[in-house]
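User: I am new to this structure and would like a close look at how its helices pack. Please start with any term I need, and then walk me through that packing and its surroundings.
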Amino acid sequence: MTEFSSDLLRLLSSRGYIHQVTDAQGLDALAARQVVPAYIGFDATAPSLHVGSMVQIMMLRRLQQAGHKPIVLMGGGTTKVGDPSGKDESRKLLTAEDINANIASIRRVFERFLTFGEGPTDAVMVDNADWLDALEYVPFLRDVGRHFTINRMLAFDSVKLRLDREQPLTFLEFNYMILQAYDFLELSRTRACRLQMGGSDQWGNIVNGIELTRRIDSVEVFGLTTPLITTADGAKMGKTAAGAVWLNEEQLSAYDYWQFWRNTDDRDVGKFLRLFTDIPLDEIVRLESLEGAEINEAKKLLAGAATALCRGQAAAEEAAETARRTFEEGAAGEALPTFAAAAPLGIVEALVGLGLCASKGEARRLIQGGGARVDGEKIEDEAAMVTPGARVSAGKKKHGLIVAG
């Protein structure tokens, strides 16, 4: 592990957030001598972010913990365009009213993780619609567009992927990388921002902003990306059979959020404790060394700590108590109905086989109504498969076990 002199990079490195840095030595020296305002951009395409954004949210929290200033950039302007990164098709364009409502809803999550205010290290939330909506198109193309070559833009993965698959890429989306680069220039000018952070898929966009700021204003700024967070089985973090794991209460209950973390693979416990909780590193080393049934206690600590950050301590304790009552008191051992299966079977068959539903039609209606769960995760797909060893639930009080047979 690289030795850093600043608290910021030591903290980010020790907890596993650093993948690439444009100039690690220069950023380390800057962070050691002054408060560094830094930003991460977030889409406003839905009323809530999901757990796939948690690494970036926690990065801003770490930034503030290390004595620096987080800037939460909401993409009110760029959401009107659409980021083509990792997308096969254009996304639905939202109205300004929809976007503003989404930003107001998303802000409530950030207020749990960051301290907002007017102080030197207090977080601020800004909206790029404030400057992008005011741009005059021809002067913008003349002053900013001339720093971008079509040759290089066509080489970006976000563009190549769409073209290689012969999927349409609109001229509107093609402009996204220029607008995102301009965000960095604008924040450098108005907020003295010196660092942009993001996921590894944003590396090219971040470098664009760094180069644009250097070319136009001759100001040195930096970029830092996180590794792609995957689970031990190779799946992308946050992707589940039940769909997105939303951060807002309106989209997902605290109990389901707690269960998502409780269901972490044994091999991921240490990594997730470092990334998604404030538990001290020496305690994490102890927890990740646990084996067998003891590792479940570490998973409960992970679930409790992660849920407390996002939903509050009271919600985390209530979720843990609900889980204890459901799975340890009334739902353990022989008290549960069982259904033997030699191989994975469909969720509809599992619900009927366990006697939790009287018919396949009733099972389908339960699924459509959001009342079916497997190991605490809501199942919305009637074609979902259930493996032996899984706990199947119909509502909050009816549970059964699929056993190997």
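Analyst: Let's start with the words for angles: under 35 degrees counts as roughly parallel, over 145 as roughly antiparallel, 65 to 115 as roughly perpendicular, and the rest as oblique. Please keep in mind that this is a predicted model. Two packed helices are described by the angle between their axes and the distance between the axes, so those are the values to look for in each pair.

Now find helix α3, residues 54–65, and helix α4, residues 96–113. The two pack at an angle of about 45°, and their axes are 10 Å apart. That angle belongs to none of the named ranges, and therefore α3 and α4 are oblique to each other. The crossing of α3 over α4 is right-handed. On the α3 side, the contact is made by M54, I57, M58, L60 and R61, while α4 brings V109, F110, R112 and F113. Sorted by class, the residues of this contact are 7 nonpolar and 2 charged, with no polar ones.

There is a pattern here that you can trace by eye. An α-helix has 3.6 residues a turn, so residues three or four places apart point the same way. With that in mind, look again at I57, L60 and R61, which are among the α3 residues in the contact.

One residue of this contact deserves a longer stop: F110. In the largest nonpolar core, which has 68 residues, F110 and W261 touch the most other members. The largest share of this core comes from helix α15 (residues 295–311), with 8 residues. Leaving aside residues up to four places away in sequence, F110 touches F42, L49, I57, L60, V72, M74, F116 and M125. Two of those names, I57 and L60, you have just met on the α3 side of the contact. Apart from this core lies another, of 29 residues, and Y39, F148, F156 and L179 are among them.

W261 leads us to helix α12, residues 254–262. This helix is mostly covered, with 9 of its 9 residues buried. The buried residues of α12 are A254, Y255, D256, Y257, W258, Q259, F260, W261 and R262. In the loop between β6 (222–226) and α12 you will find N248. Its relative accessibility is 0%, which is why N248 counts as buried. Beyond residues up to four places away in sequence, N248 touches P47, S48, S105, R108, V109 and R311. V109 also takes part in the contact of α4 with α3, which brings us back to our starting pair.

Helix α3 has another partner to visit. Helix α1, residues 7–14, comes within 9 Å of α3 from axis to axis, and the two cross at roughly 140°. Therefore α1 and α3 are also oblique to each other. The crossing of α1 past α3 is right-handed. Here L8, L11 and L12 of α1 meet M59, R62, L63 and Q65 of α3. By class, the contact of α1 with α3 comes to 5 nonpolar, 1 polar and 1 charged residues.

For a contrast in angle, turn to helix α13, residues 269–276, and its partner α15. Their axes come within 10 Å and cross at roughly 20°. This value is under 35 degrees, so α13 and α15 are roughly parallel to each other. The crossing of this pair is left-handed. V269, F272, L273 and F276 of α13 make the contact with I295, A298, K299, L302, A306 and L309 of α15. Of the residues in this contact, 9 are nonpolar, 1 is charged and none is polar.

To finish, here are two loop residues that follow helices. Most residues other than glycine have a negative phi. A192, in the loop between α10 (176–191) and β5 (195–199), has a positive phi of about 55° although it is not a glycine. Its relative accessibility is 38%, so A192 counts as partly exposed. S218, in the loop between α11 (203–217) and β6, likewise has a positive phi, near 55°. With a relative accessible area of 63%, S218 is exposed.

Technical notes. Residues are numbered from 1 along each chain as its sequence is written. This is a predicted model: local features need pLDDT of at least 70, side-chain atom pairs count only at pLDDT 80 or more; totals for chains, interfaces and linings use all residues. Side-chain values use heavy atoms; hydrogens and water are left out. Axes are lines fitted to C-alpha atoms, for helices over the stretch in contact, and angles run from 0 to 180 degrees between N-to-C directions. Helices (H or I, at least four residues) and strands (E, at least two) are DSSP runs, numbered from the N terminus. A crossing is left-handed if the near helix is turned anticlockwise from the far one by less than a right angle, and right-handed if clockwise. Contact means heavy atoms within 4.5 Å. Ala, Val, Leu, Ile, Met, Phe, Trp, Tyr, Cys and Pro count as nonpolar, Asp, Glu, Lys and Arg as charged, and the others, Gly among them, as polar. A nonpolar core is a set of buried Ala, Val, Leu, Ile, Met, Phe, Trp, Tyr and Cys residues joined through side-chain atoms within 4.5 Å. Buried means under 20% relative accessible area, exposed over 50%, partly exposed in between (1.4 Å probe, protein chains only).
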